Amino acid sequence: MSALTFTLKHRTDQRVDMSPLVCHLLKDLALADIGALTLQSGKRKLRVDELFAINGSDTQNIIIKNSVDNLDFIGKELDGGCISVVGDAGAYLGFGMKTGELKVSGNAGLYAACEMKKGYLEIAGNAGDFLGAALPGNKMGMKGGTILVKGNVGQRAGDHMRRGNILIEGNAGDYCGSRMTAGTIAVMGQTGRYLGYAMRRGTLLLWNQPQLSASFNDCGAHTLAFLPILFASFKPLNSRFSDATSAFNRVQRYAGDMSEMGRGEVLVKL
Amino acid sequence: MIINGVTIDATFAEAFPMKATRAIITAQNEKWALISGQAMTGFATSVIACGCEGSIERILEPSETPDGRPGVSIMIFAMGGKGLAKQLETRAGQCVLTSPTAALFAGIDGGIRIPLGKNLRYFGDGFQVSKQISGKRYWRIPVMDGEFLAEATTGQVDAIGGGNFLVLAESQPQALAACEAAIEEMRKIPNVIMPFPGGVVRSGSKVGSKYKTLGASTNDAFCPTLKGMTKTELSPEIESVMEIVIDGLTKEDIAMAMRVGIQAVCDLGAQNGIKRISAGNYGGKLGPFHFHLQEIMA
C-alpha cells in the first residue's frame, strides 16, 4: 500500500483547518469519502478534493505535499500513524498529539506541539513561538513525547511544559522554558533573554553559556550520571543530538527560577 | 550413574516457588560496584533467617550498563512479593544509596513493578529531581558526593529457590576444592545465584527439628561425624559433605547451573577424592520442583 498523499493544488487566501486529515480519523474511509470531507477555511468549507489531489490508500501513512504556512492544525490530536509534511506547516502543528510520528520538511508556525501528549514531532526547519506550550490561559503545555527542531525556535519554547523532551539544534528565542513545570529542553545554539523565566522544575540543557537572570543561582560544576542515559535515548534520532560527540556529562549547574519554586535547573556544557 | 569415578545418586533436589528481582548497580569503577553489590547482598544466604536470598549474579562491562559505567547485577529472592519489595528497598537504601559513586537501575523490565528508588527519593528532602527517559522514570537524589541516580522501579517475577546438590568427598579440602570449581563454572550461567558464602554451604539442613520452635535443623544423615549414631547416608570413606544451593528464574536455568556445576565436580573425579553427588531430597515436603540428578546429567 502506498502512502495516502494530499498534494495541495493552490494556496488559499484564508487559513485552512487541517484537523480532519489525521490517520485515526481517516481509517477505513474510501478515497471518495476522504475527498468529500470538508475543511474549514475562513468562513468557507472546502472539500478536500477541491484543495488537494489525492493519491495512495494507506491512511496510516499520510503525506501532505506542497504544504504552505497557512495549513493549520496538521496532525491535531494524532493518535497513531505517521504524517509527513513536505513544505511548511501553519500554526498548531501536532496540537494535542497523542501518539504517532509527525515530520515537517520546512518550517512550522506558532504553537507547534501545543499541549502535545506523546509521540514524535520533527521539524527540519524553524519553529515559531510557543513551541510545546500551553494554549493561552491553560496551565499545562507539552505533557510527553519528543520534539526535534533542526533549525531555530521562536519565543517561549516550552512555556508551561510539564514532561517530555524538546530538542533544538539551532537557537532559541527569549523566555525559553518559561513557566516550565518539568521536562527537558536542550538547545545546541544560543538562547535569548529571560531563559527559564518563572520555571518551577525541569531541565534546560545548553551547549552555550546563556545570559541568566539574577534569580538563577550557580550550584557549581558537576558530573551528572543521568546525562549519559539521556543522550543514549537520543541515539535513534536523525539528528546531531544522536551524535556521540555531542554527548557530555560535565556541566555547570544553575538552580532556578528562585523567584518561583526554584527546583528547575540550567545545565551548561563545560 | 558414574561419571569419572563419581557416583551420581538416583535422587532429586527439591525446590520451591519464590519471587525474584534483579537490580544493576554501577559505580565509578568495578571495585566500588562490587563493594556496593556485596553490601546489598550481604546477610542474604537463606530465607530461613535473612528474609531473602541474594547474591551478585555477575559483573557487567560498561557497555552492558545503562549509564556506561562498570557495574554488577544482583538478584534477590524471597518467599513472597511483599517481603521481596521490603528487602529490596531496605537494602538499596542502606547499601547502595550510601555507597560512594553508586547508581541503581532495574534489572528486569517486565513483571510486576516494585519500588527501587521510588521511595528512596524522599531522602532528597524535596531537592530530589525526577527524569523520565525513554519511558523509564529515574530519581536524582542529591547526596554529599554528588547525585545518587536510581531508577524508580524494577520488575518482580516468579522464580524458584532451593535447587541444590551435595558433594561428598574423602576430605574437607577436597570437598571445598570441588565446590570452588563448580561455583566458578556456575557463575557463568545467567539468571541464577548461589546465595551462600562463596556459593557453598557446609551446614545443609533438613526440614523440621526436635525443637518445636525450629523449622529447620542440621541434615544429620549427611553429617560425617554422626555416621555411627544416626540413619546416615554416608559410606565410611566420606569425611566431608558440602552443598551448593541455587536460586534461579526458571527451572531450566537451575537445571543448567546444576549440570555445569556437577560436571565441574566430576571433572576432578574420584582421583581427587570426590566420591558421590547427591541432593537435598526431603520426600516432597519442601517444594514442587524436583531436579533429578541423573536426568540432568544424562
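Colleague: Let's start with K231(B): in which loop is K231(B) found?
Modeller: Residues are numbered from 1 along each chain as its sequence is written, while chains are lettered from A and ligands numbered from 1 in the order in which they are written. This is a predicted model, in which local features need pLDDT of at least 70, side-chain atom pairs count only at pLDDT 80 or more, and totals for chains, interfaces and linings use all residues. Strands (E, at least two residues) and helices (H or I, at least four) are DSSP runs numbered from the N terminus. On that numbering, K231(B) sits in the loop between β14 (216-218) and β15 (240-248) of chain B.

Colleague: Is K231(B) buried or exposed?
Modeller: A residue is buried if 20 or more other C-beta atoms lie within 10 Å of its own, exposed if 12 or fewer, and partly exposed in between, with C-beta atoms placed from the backbone. K231(B) has 7 C-beta neighbours inside 10 Å, so K231(B) counts as exposed.

Colleague: And how many Å separate the C-alpha atoms of K231(B) and Y122(B)?
Modeller: Along the chain, K231(B) and Y122(B) are 109 residues apart. In space, their C-alpha atoms are separated by 56 Å.

Colleague: Is there a domain division in chain B, and what is the separation of the domain centres?
Modeller: The bounds, from an automatic or database domain assignment, give domain 1 (2-14 + 160-297) and domain 2 (18-157) of chain B. Contact means that the C-beta atoms of two residues, placed from the backbone, lie within 7 Å. The contact takes 12 residues from domain 1 of chain B and 13 residues from domain 2 of chain B. Taken over C-alpha atoms, the centres of these two domains lie apart by 30 Å.

Colleague: Which helix of chain B gives the most to the largest nonpolar core?
Modeller: A nonpolar core is a set of buried Ala, Val, Leu, Ile, Met, Phe, Trp, Tyr and Cys residues joined through C-beta atoms within 7 Å. The largest has 171 residues, and those with the most contacts inside it are L131(A), I25(B), V167(B) and V265(B). Domain 1 and domain 2 of chain B both give residues to this core, so it lies between them. With eight residues, the helix that gives the most is α4 (residues 251-268) of chain B.

Colleague: Now the two chains: which element gives the largest share of the side of chain A that touches chain B?
Modeller: Here 10 residues of chain A are in contact with 13 residues of chain B. On the chain A side, β15 (217-223) and α4 (226-233) each give two or more residues. With five residues, the largest share comes from α4(A).

Colleague: Which strands of chain B are included in what covers the buried residues of α4(A)?
Modeller: The buried residues in α4(A) are F226(A), L227(A), I229(A), L230(A) and F231(A). Their cover includes, from chain B, β8 (129-133), β9 (136-143) and β10 (146-151).

Colleague: What radius of gyration does chain B have?
Modeller: The C-alpha atoms of chain B fill a box of roughly 65 × 40 × 30 Å along the principal axes. The radius of gyration is taken over C-alpha atoms, and the globule rule is 2.2 Å times the number of residues to the power 0.38. For 298 residues a compact globule would come near 19 Å, which agrees with the value for chain B, 21 Å.

Colleague: Finally, what is the mean pLDDT of chain B?
Modeller: pLDDT is the predictor's confidence in each residue, from 0 to 100. The model scores ipTM 0.91 and pTM 0.92. In chain B, 100% of residues reach 70 or more, and the mean pLDDT is 95.
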